[in-house]
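Visitor: Could you pick one part of this model and take me through it closely? I'd like to know what sits beside what.

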Amino acid sequence: MSQDILINWSPQETRVAVVEQGAVQEVHLERTLERGLVGNIYLGKVSRVLPGMQSAFIDIGLDRAAFLHVADLMPNIAAKHATPRVPVAATSVTSAEPAPAMPVNGAPKVLTPNPVLPIERQIFEGQALMVQVLKDPIGTKGARLTAQISIAGRLLVFLPQDNHIGVSQKIPPAQREALRQRLVRLTATADGSSAGGFILRTNAEDATDEELVDDTAYLRKTWLRIKEAATRQPPATLLHEDLNLMQRVLRDLVSADTQSIRIDSREQHGLLIGFASEFMPDTVAKLQHYSGERPIFDLFNIDEDIARALSRRVDLKSGGYLVIDQTEALTTVDVNTGGFVGARNFDDTVFRTNLEAAQAIARQLRLRNLGGIVIVDFIDMVRDDHREAVLTEFRKQLARDRVKTMIGGFSQLGLVEMTRKRTRESLAHMLSEPCEACAGRGVVKTARSVCYDILREILREARAFNPREFRVVGSPKVVELFLDEERAHLAGLSDFIGKPISLQSESSMTQEQYDIVLL
Ligand SMILES: [Zn+2]
């Protein structure tokens, strides 16, 4: 399946679209302000040692000095006491899951604690020290650092100062030891020298030897470059940051099927060529600068598809439509026939609609990046061969997804259950938030319901308090209703409680918001 990759770059946001057969299948985006510093490696300079707190302030070139605790200082000493920390960083296009949390199989066990050398005997003011950000600075607090470096690849995390091979606990125990043995074999250096430790990420479960070797080579090369930079650069400089989205695209998305990678920024195209020549030479020939008149995402109407991927309803060419609902627990997809279906060809129409739906659903799952449990309610089919054919088509379409999916057959209720591995956040979560007016329910109380809530509330207040006057502050629609259709009810209440009730329209209020002011 031939594939084209389009990159739309702007200083605030990078957007990537994967196009197959003329239609966008995947969208990835990264926002500059949301990247953070976690995982960045700096050549720091010790600016102050605090023996009382067993910590030090390190200058890494930011406004505020960063913080390093003795436990995060020396890998060899600290490793005997605690399992190594791995910074949590989204580093992969195919999997933004954090580097595996410790403990991992094969990580050092907690031994009898050795006395740790006090910090003032390990580092001194003015000393240059390689450090990595564990936690972003927040407010007045500086970044939290570690001297135990870890570099995240696509499948592996490299621990250059360590020698252990670990496997994430999330990988089933039955596979863990075999994977570990494989990794020991694949990461062994020719001369048998100690060459750093590796942790296998959960998304490496099904990786081939070649993929693992590629990632190992990439990580070792990156580490070499960091070490070289540390000898050339002055203290308080950035030595390495996790790959940006464009670089991850080259590493994770480009395959033999990729025809072209087009990017609409000349400068970024140049930078990407530089990166590709060093780390992914096979991709250099595919990189093109797009200088067309039309915005690059207009070429395949990608913005329209993104907008559609945020709505519940997806129209099918056959006249039917899908309704996709994403909840915290699962995603449901309901397939519907559109309008009137003639009785004569009913079975055929249903069958054709379901076949088209199978294709559309597989595409929407990728486009929306929906993970977890998905339940599909195809239109009921009478014939077994129709059901089989729809399931076969659905399986075939899902097989094109780079994210792992599992699918069952039709349940007794006629539903198809499937799972899709959770990777990055879904498109809806990245681009939208629950509606403030309805708190995400998708509906708000009618203006009339709100009017009646207000009338009841005034009655309650009038029993408890004795103001001169009540004033209703509400949305324009609610106030309008009180001035018009609900006027008699408001006047009746005013008579009943013997107090004037005035109205004030507040255009910033949502329909359900109101305030009752006692004057
Ligand atoms: Zn709403």
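Guide: Let's start with a pair: Arg471 stands opposite Ser502, a residue of strand β23. This is a predicted model, where local features need pLDDT of at least 70 and side-chain atom pairs count only at pLDDT 80 or more, while totals for chains, interfaces and linings use all residues. Numbering runs from 1 along each chain as its sequence is written, and side-chain values use heavy atoms, without hydrogens or water.

The strand to look at is β22, residues 470-474 (strands are DSSP E runs of at least two residues, numbered from the N terminus). Strand β23 covers residues 501-505, and 5 bridges join it to β22, with the two running parallel (pairing takes at least two DSSP bridges). Strand β24, residues 514-518, is also joined to β22 by 5 bridges, but here the two run antiparallel. On that side, look for Val472, whose bridge partner in β24 is Ile516. So β22 has a parallel link to β23 and an antiparallel one to β24. Because 4 of its 5 residues are buried, β22 is largely enclosed by the rest of the structure (buried is under 20% relative accessible area, exposed over 50%, partly exposed in between, with a 1.4 Å probe and protein chains only).

For a contrast in burial, hop over to the zinc ion, coordinated by the SG atoms of Cys435 and Cys438 at 2.2 to 2.3 Å (donors are N, O and S atoms within 2.8 Å of the metal, or 3.2 Å for Na, K and Ca; water is not among the atoms, so sites may look incomplete). Cys438 is buried, at 5% relative accessibility, whereas Cys435 is partly exposed, with a relative accessible area of 38%.
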